[in-house]
Amino acid sequence: ENVERKLVDVINETVQRGGKILVPSFALERTQELTYTLHRLKLAKKIPDFPIFVDSPLATDATEVFRLHPECFDNEINKFLENVEDPFGFKRLHYTRSVEESKMLNNINGPLMIIAGSGMAENGRILHHLRNNIGDPKNTVLIIGWQAENTLGRKIQEKWPQVPIYGEIFDLKAQVEVISEFSAHADKDDLMDWIKQGTWGKIFLVHGEENASLDLAGDLRTQGFNNVIVPELGQRFEL
């Protein structure tokens with residue numbers, strides 16, 4: 001509910017300004033989760049009737065795989081399927097494949113949403129859309145995934161006044177909104193609960209930013225896990 005409320009606010013405010021919503025998104029799971037949520041909001045008439053484009057061949061292919069395996073859907077989507085045929089598609093949602101289709105999106109005026117890879121805006125088609133639209137204050141860049149340090153997505157999330165795209169510097173004048181609830185990563189409490197269920201020799205924390213990893217390591221040690229290691233660059237370990 002919190003995700004839907006935030007998404008509704010971002011969409012309605014941007015549409016009222018006549019702007020575009022640019023969403024860097026991972027092709028697998030994140031895009032499908034977003035399109036499913038948009039479908040729910042559209043049916044509930046919580047968002048206006050405006051065009052939405054998934055501009056990612058990989059995401060389009062991944063979505064087809066999702067459609068082929070309804071046996072993997074949870075109870076919520078199965079209930080949703082009682083009234084709709086496709087959870088990841090609706091009248092105003094378009095999937096684009098070709099480069100020509102992608103380029104044509106830049107010629108569309110008025111409100112629209114473009115969902116494109118990569119999720120951290122380091123490569124892919126989202127870079128073209130950011131380059132063409134990031135300088136317009138009517139537009140919104142919507143961040144829905146974790147942005148690693150030093151990536152373009154992180155710089156946008158932190159609202160740097162200027163950001164580099166394709167080696168050029170662009171003024172960041174578009175609005176920036178973050179909906180972190182779309183993240184698929186387990187949080188600290190989930191990780192702690194999972195670790196407590198097993199017996200471990202050494203625990204290596206290798207996926208995460210340094211401060212967060214050190215914080216988790218400290219919490220694990222207070223819980224009796226003494227052999228917790230946050231490796232540094234160049235370190236070697238014998239297992």
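Q: Which helices each supply at least two residues of the lining of the second largest pocket?
A: In this predicted model, helix 1, helix 2, helix 3 (57-67) and helix 4 (75-80) each supply at least two residues of that lining. Helix 2 gives the most, with six residues.

Q: What makes a residue part of the lining of the second largest pocket, and which residues lie nearest its centre?
A: A lining residue has an atom within 4 Å of a point of the pocket. The second largest pocket is lined by 22 residues, and Glu33, Tyr36, Asp74, Glu76 and Ile77 are those nearest its centre. The volume of this pocket is about 510 Å³.

Q: How do the residues of the lining of the second largest pocket divide into nonpolar, polar and charged?
A: Ten are nonpolar, three are polar and nine are charged. Asp and Glu count as charged, whereas Tyr and Ile count as nonpolar; therefore, among the residues nearest the centre, Glu33, Asp74 and Glu76 belong to the charged group and Tyr36 and Ile77 to the nonpolar group.

Q: Why are helix 1 and helix 2 called roughly perpendicular to each other?
A: The axes of helix 1 (residues 2-17) and helix 2 cross at roughly 75°. Angles of 65 to 115 degrees count as roughly perpendicular, and the two helices are therefore described in this way. Their axes come within 11 Å.

Q: Which residues make the contact of helix 1 with helix 2?
A: Helix 1 contributes Glu4, Leu7, Val8 and Ile11, while helix 2 contributes Leu34, Thr37, Leu38, Arg40 and Leu41. Of these residues, six are nonpolar, one is polar and two are charged.

Q: Why is Thr60 called buried or exposed?
A: Thr60 has a relative accessible area of 7%. Buried means under 20%, so Thr60 is buried. Thr60 lies in helix 3. Apart from its neighbours within four places in sequence, Thr60 is in contact with Val54, Tyr95, Thr96 and Arg97.

Q: Why is Leu28 called buried or exposed?
A: The relative accessible area of Leu28 is 57%. Exposed means over 50%, so Leu28 is exposed. Leu28 is placed in the loop between strand 1 (20-24) and helix 2 (30-43).

Q: How do you know that Leu28 is in contact with residues beyond its neighbours within four places in sequence, and which are they?
A: Contact means heavy atoms within 4.5 Å. With those neighbours left aside, Leu28 is in contact with Ala62 and Phe66. The C-alpha atoms of Leu28 and Asp61 are separated by 9.4 Å, and these two residues are 33 apart along the chain.

Q: What volume has the largest pocket, and which residues lie nearest its centre?
A: The largest pocket holds about 650 Å³ of space. Its lining has 20 residues, of which Ala186, Leu191, His207, Gly208 and Leu216 are nearest the centre. Helix 8 (188-196), strand 9 (203-204) and helix 9 (210-222) are the elements that give two or more residues to this lining. Helix 8 gives the most, with four. The lining divides into twelve nonpolar, five polar and three charged residues.

Q: What makes up the protein as a whole?
A: There are nine helices and ten strands in the protein. Of its 239 residues, 43% are buried. The C-alpha trace spans about 60 × 50 × 30 Å along its principal axes. Among contacts between residues at least 6 apart in sequence, 75% join residues at least 24 apart.

Technical notes: Residues are numbered from 1 along each chain as its sequence is written. This is a predicted model: local features need pLDDT of at least 70, side-chain atom pairs count only at pLDDT 80 or more; totals for chains, interfaces and linings use all residues. Side-chain values use heavy atoms; hydrogens and water are left out. Buried means under 20% relative accessible area, exposed over 50%, partly exposed in between (1.4 Å probe, protein chains only). Axes are lines fitted to C-alpha atoms, for helices over the stretch in contact, and angles run from 0 to 180 degrees between N-to-C directions. Angles under 35 degrees count as roughly parallel, over 145 as roughly antiparallel, 65 to 115 as roughly perpendicular and the rest as oblique. On a 1 Å grid over the protein atoms alone, a cavity is a set of points where a 1.4 Å probe fits but cannot get out, and a pocket is an open set with protein on both sides within 12 Å along at least five of seven lines; lining residues have an atom within 4 Å of a point. Grid points are joined across faces, edges and corners, and a volume is the space filled by probe spheres set on the points.
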